[in-house]
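Got your viewer open and a selection box ready? Let's walk through this one stop by stop, with something to select at each.

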Amino acid sequence: MTRYRAIITAIGCLLIAPFAAGTAKPPSVAQWRAAHEAELVGRLDSLVRIPSIAADPKAVATAADALTAELAARGFAARMLVASSGGAPVALGSLDTPGAKRTVVFYAHYDGQPVDRAEWTSDPFVPVMRRMANGQPQDVDWKTIATPFDPEWRLHGRGVADDKVSIVAFLAAFDALKAAGRKPSVNIRVFWEGEEEEGSPHLATLLGEQADLLKADLWLIGDGPVHQSRTPTLYFGVRGVLGFDATIYGPIRPLHDGHYGNWAPNPAALAARLIADMRDEDGTILIPGVGDAVRVPTTTELAAIQALPRVEDGLIEQLELGRSETGEGLVLSVQRPALNIRGIRAGAVGADAANAIPAEARFSADFRLVPDQTVDGIKAAVESFLDRKGWKVVRETPDRETRLAYPRIIRLDWSPGYAALRTDMGLPAAQAVIAAAKQAAGERPLALVPMMGGSVPLTIFDAALKTPLVGLPIVNHDNNQHAANENLRLGNLWDGIDLYAAMIGGLDW
């Protein structure tokens, strides 16, 4: 048994222990959570200390081993699954409840994004609790402070919000229900993946090979942030994604821009012109064909969007923006396709800038897809557009003959990509999730988001299993997902435990 597995198993024993000796009435989920705040933070702290990123496959295996032990300690039939094509192991757990008529799969991923340690305030794999004091973050030694903890405190570390908190929330909710003497209302399958941040390259193979084992009535996806209003949230779809890197070629070497400006084509200017031809200032994609296959939101979905709390004015203040790209609300704007420019590079700037025409310019972009757009359709539309604009598209660095033969050359390197998915909010399974989530939210409103702006490869699940999928986001919207100083607001963990308890013990359809 690894050191991490021993630590996590020990914490698990604490959480499964009785609520309090001599307590006559079983605790509610909220009471149980309040009595175990330090242990819960300790569980998340221990899990984040495992550097389960693709660059460290040994740590990925360690995390899967520890999580399988967590499930086994709670009575799940637990094992690790690996696709025949390889890849990181999936921690799989199965638990049936006598009399349950539905089977629900709880999904999350335990791997995290790569890190540049120089960009972090502290070691990304040594979690640090922080609070705001006089407008500045201040470290908190939570291990020496009595509970209850301030729900506004934030735990910082890679993977703390994306996605390890969803795993901890599930386990805590299961323990809380057990302490209350409540059985799950559904048969449970747990599917914790270890390579989501790489695009899940082996997931389709694994799902195809294990389709019978994973047969279910519903998948609940524990990934993504709650609505910017901090309101408890469900989402019913995600946009797809397709990225590309573009290289535009100029002279074979940088040229003095006084001697050659206005004569030698400038690749930086060509890149700027091309980007302007591809999208306008309000984000509308100008490439013909890209918007042809777009499923518009239904009346029900538009009504759900209209009911969401308005957050745009506050976000403009927080982000110090002079305007938004469109006058429509944030959630409505992400229901349509997007072309995002992720970065541009050519020559140098500032004190390092030379009076030179650069030899090449590069930009990186991604499309966010909506139903019913396809990856192949987007690629074809882009390359047809470039051809009509007089560009020669290449896959490798052009040789001398190619450079002399074509006036405009662009190299495209496409990422694999995947399509969008949107589950019908009116399905019985979706309505059951909404009802259970409303019970967990109590007096608080519930945000129903037809389609999250971010991308998760749900189409892989849909293609293999044809099962409804609903998202259970629990993390704060400002968690620095994929960036330095990723963090989790403690109050979101507390809310997440309530939501998971409702899904484990309150689903009925």
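Is proline 137 buried or exposed? Keep in mind as you look that this is a predicted model. Select proline 137, which you'll find in strand β5, residues 136-140. Its relative accessible area is 53%, so proline 137 is exposed. Now show what touches it: setting aside neighbours within four places in sequence, proline 137 is in contact with Arg130, Arg131 and Met132. For a sense of scale, add glycine 454 to the selection. Proline 137 and glycine 454 sit 317 residues apart in sequence, and their C-alpha atoms are 28 Å apart in space.

**Two cis peptide bonds**

Next, select threonine 147 and proline 148 and look at the bond that joins them. That peptide bond is cis, with omega at about 5°. Proline 148 is in the loop between β5 and β6, the latter being residues 154-156.

Which other pair should you pick for a cis bond with an omega of about 10°? Go to proline 371 and aspartate 372, which are joined by a cis peptide bond with that omega. Aspartate 372 belongs to the loop between β15 (360-369) and α12 (375-388).

**Helix α3 and its partner**

Now select residues 37-48, helix α3. With 12 residues at 1.5 Å a residue, α3 should span 16 Å, and its end C-alpha atoms are 17 Å apart, so the two agree. How many of the 12 residues of α3 are buried? The count is 10, so α3 is largely enclosed by the rest of the structure. Colour the buried ones if you like: Glu37, Leu40, Val41, Gly42, Arg43, Leu44, Asp45, Ser46, Leu47 and Val48.

Keep α3 on screen and add helix α5, residues 160-179. The two helices pack at an angle of about 140°, and their axes are 10 Å apart. That angle makes α3 oblique to α5. The crossing of α3 and α5 is right-handed. To see the contact itself, show side chains for Leu40, Arg43, Leu44, Leu47 and Val48 on α3. On α5, do the same for Val160, Lys164, Val165, Ile167, Val168, Leu171, Ala172 and Asp175. What kinds of residues make up this contact? There are 10 nonpolar and 3 charged residues, with no polar ones. As you look along a helix, remember that an α-helix has 3.6 residues a turn, so residues three or four places apart point the same way.

**Two buried threonines**

Jump to threonine 247, in strand β11, residues 240-249. Its relative accessibility is 10%, so threonine 247 counts as buried. Which residues touch threonine 247, leaving aside neighbours within four places in sequence? Select Glu360, Ala361, Arg362, Ile409, Ile410 and Arg411, and you have its contacts.

From there, move on to threonine 423. This one is in the loop between β18 (421-422) and α14 (428-441). At 7% relative accessibility, threonine 423 counts as buried. Apart from neighbours within four places in sequence, threonine 423 is in contact with Phe236, Pro468 and Leu469.

**Toward the last stops**

Select helix α15, residues 458-465, and pick out its buried residues: Leu458, Thr459, Ile460, Phe461 and Leu465. Then step just past α15 to lysine 466 and check the backbone, where phi is positive, at about 50°. Lysine 466 has that positive value despite being a residue other than glycine. You are now in the loop between α15 and β20, with β20 covering residues 469-471. Is lysine 466 buried or exposed? At 62% relative accessibility, lysine 466 counts as exposed.

There's another positive phi to visit. Select asparagine 485, whose phi is about 60° although it is not a glycine. Asparagine 485 is in the loop between β20 and β21 (487-489). With a relative accessibility of 18%, asparagine 485 counts as buried, since the cut-off is under 20%.

Finish on helix α16, residues 490-505. Run a distance from its first C-alpha to its last: the 16 residues of α16 reach 23 Å, close to the 22 Å expected at 1.5 Å a residue. How many of the residues of α16 are buried? The answer is 14 of its 16, so you can call α16 mostly covered.

Methods: Residues are numbered from 1 along each chain as its sequence is written. This is a predicted model: local features need pLDDT of at least 70, side-chain atom pairs count only at pLDDT 80 or more; totals for chains, interfaces and linings use all residues. Side-chain values use heavy atoms; hydrogens and water are left out. Helices (H or I, at least four residues) and strands (E, at least two) are DSSP runs, numbered from the N terminus. The expected span of a helix is 1.5 Å times one less than its number of residues. Buried means under 20% relative accessible area, exposed over 50%, partly exposed in between (1.4 Å probe, protein chains only). Axes are lines fitted to C-alpha atoms, for helices over the stretch in contact, and angles run from 0 to 180 degrees between N-to-C directions. Angles under 35 degrees count as roughly parallel, over 145 as roughly antiparallel, 65 to 115 as roughly perpendicular and the rest as oblique. A crossing is left-handed if the near helix is turned anticlockwise from the far one by less than a right angle, and right-handed if clockwise. Contact means heavy atoms within 4.5 Å. Ala, Val, Leu, Ile, Met, Phe, Trp, Tyr, Cys and Pro count as nonpolar, Asp, Glu, Lys and Arg as charged, and the others, Gly among them, as polar.
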